[in-house]
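Biologist: I'm new to this one, so could you walk me through its charged side chains? Let's put it on screen before we start.

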Amino acid sequence: MDCDTVIFCIGDKVDDNFGLPINKWNEFVKNPEPQFPMEGMSYEAFDPEANQPIEGVFVAGWSREASSGLVGVARKDGENGGRAALKYLEGLAPVSNPRQRLRR
């Protein structure tokens, strides 16, 4: 699948340099009312100050929710996050040049 950015992450602390809101459990804040839930869970980043989802930004794995430390749990979460992002992309209107979407 062609994409613009993939961030590979290993560790036990989210990086606040990304600029995404972080909750007290060291996880990125998720949309409490997700538009693209997977298995009843939210993978959409959320800005609590603006009280709205951050469009087109998804989180998965331990950065979405601290787990028991099992790789299989984080892997399944990553797959669900990818599925949520695909549902979002399916709802976008096609463009002739995909990079057009990035110029806001």
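Biologist: Is Lys-87 buried, partly exposed or exposed?

Modeller: This is a predicted model, where local features need pLDDT of at least 70, side-chain atom pairs count only at pLDDT 80 or more, and totals for chains, interfaces and linings use all residues. Residues are numbered from 1 along each chain as its sequence is written, and side-chain values use heavy atoms, leaving out hydrogens and water. Buried means under 20% relative accessible area, exposed over 50%, and partly exposed in between (1.4 Å probe, protein chains only). Lys-87 has 44% relative accessibility, so the label is partly exposed.

Biologist: Which residue does Lys-87 form a salt bridge with?

Modeller: A salt bridge here is a side-chain nitrogen of Lys or Arg within 4 Å of a carboxyl oxygen of Asp or Glu. For Lys-87, the closest N and O atoms in its bridge are 3.8 Å apart. The partner sits three residues away in helix H1, about one helical turn (helices are DSSP runs of H or I, at least four residues, strands are runs of E, at least two, and both are numbered from the N terminus). That partner is Glu-90.

Biologist: How many residues apart in sequence are the parts that Glu-39 and Lys-76 tie together?

Modeller: Glu-39 and Lys-76 form a salt bridge, with 3.2 Å between the closest N and O atoms. Glu-39 lies in the segment before strand S1 (44–47) and Lys-76 in helix H1 (residues 71–90), so the parts they tie together are apart in sequence by 37 residues.
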